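Got your viewer open? Here is a short walk through the model, one selection at a time.

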Amino acid sequence: MNETTVCVVGNVATAPVYRELAAGPSARFRLAVTARYWDREKSAWTDGHTNFFTVWAGRQLAVNVAACVEVGQPLVVQGRLKVRTEVRDGQQQWASADIDAVAIGHDLARGTAAFQRRAKPEAALTASRPEPSWETPRPADTAGEEVPQQALEPAVVT
């Protein structure tokens, strides 16, 4: 409900790890996001601080990530931000920033990509019911009488 949605642009820092879980496919990888700014003194672009995010993908998105995302590729990731802090025995407190991805794509400002739609799995064959007959039965001839042609044709309403 009150979630923090983010859109980040960065480079893939680790190879995606794909798992088949009971809840469905899952994939994760690390994304490096480095701020860049114009340094007036040097008259050049300069790299700022780098943030690392663990990106989590589920279901079909996880399958597609495993198939086409590689280390070093520039990506755009949109999803819900979750920041966790933890203290382990005898160690300092540390924080982790995770993104539960909703959408992931290649950054076309820095290269090209060839999109290929995944084929839908074949639907399981189910017992098919016969198609109902929507035809209106013709009026029966009564005692050999001929039915006028008008009665056999549907009325046209305009």
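**Stop one: the hairpins and their strands**

Start with Ser 43, which takes a positive phi near 55° in the hairpin of β3 and β4, where 4 residues sit between the strands. Bear in mind as you click around that this is a predicted model.

Now colour the two strands on either side. β3 and β4 pair in the antiparallel sense, with 13 bridges between them. To see a pair face to face, pick Tyr 37 and look across to Thr 46 in β4.

Stay with β3 (24-39) and select its other partners. Strand β2 (residues 17-21) runs antiparallel to β3, joined by 5 bridges. The hairpin from β2 to β3 goes through 2 residues, and Leu 21 stands opposite Gly 24 in β3. Next, show strand β1 (residues 4-12), which is also antiparallel to β3 and is joined to it by 2 bridges. Here, Val 12 is the residue to click: it stands opposite Leu 31 in β3.

**Stop two: over to β6**

Which way does strand β4 (residues 44-58) run relative to strand β6 (residues 93-106)? The two are parallel, with 3 bridges joining them. Select Thr 54 and you'll find Asp 98 of β6 opposite.

On to strand β5 (residues 74-87), which runs antiparallel to β6 and is joined to it by 13 bridges. Gly 79 faces Ala 101 in β6. The hairpin of β5 and β6 has 5 residues between the strands, and Gly 90 there takes a positive phi near 70°.

**Stop three: the pockets**

Switch on a surface and head for the largest pocket, with a volume of about 540 Å³. Its lining has 16 residues; select Asn 64, Cys 68, Ala 114, Phe 115 and Gln 116 for those nearest the centre. α1 (59-68) and β6 are the elements that give two or more residues to this lining, and α1 has the largest share, at 5 residues. Colour the lining by class and you get 10 nonpolar, 4 polar and 2 charged residues.

Finish at the second largest pocket, at about 270 Å³. Of its 15 lining residues, Trp 56, Ala 57, Gly 58, Arg 59 and Ala 101 are the closest to the centre. You've already met Ala 101 opposite Gly 79. Which elements each supply at least two residues of this lining? Select β3, β4, α1, β5 and β6. By class, the lining of the second largest pocket holds 7 nonpolar, 4 polar and 4 charged residues.

Key. Residues numbered from 1 in each chain as written. Predicted model: local features only at pLDDT ≥ 70, side-chain atom pairs only at ≥ 80, totals over all residues. Heavy atoms only, no water. Pairing = 2+ DSSP bridges. 1 Å grid on protein atoms, 1.4 Å probe; cavity = no way out; pocket = protein on both sides within 12 Å on 5 of 7 lines; lining within 4 Å. Points joined across faces, edges and corners; volume = space filled by probe spheres on them. Nonpolar A, V, L, I, M, F, W, Y, C, P; charged D, E, K, R; others polar.
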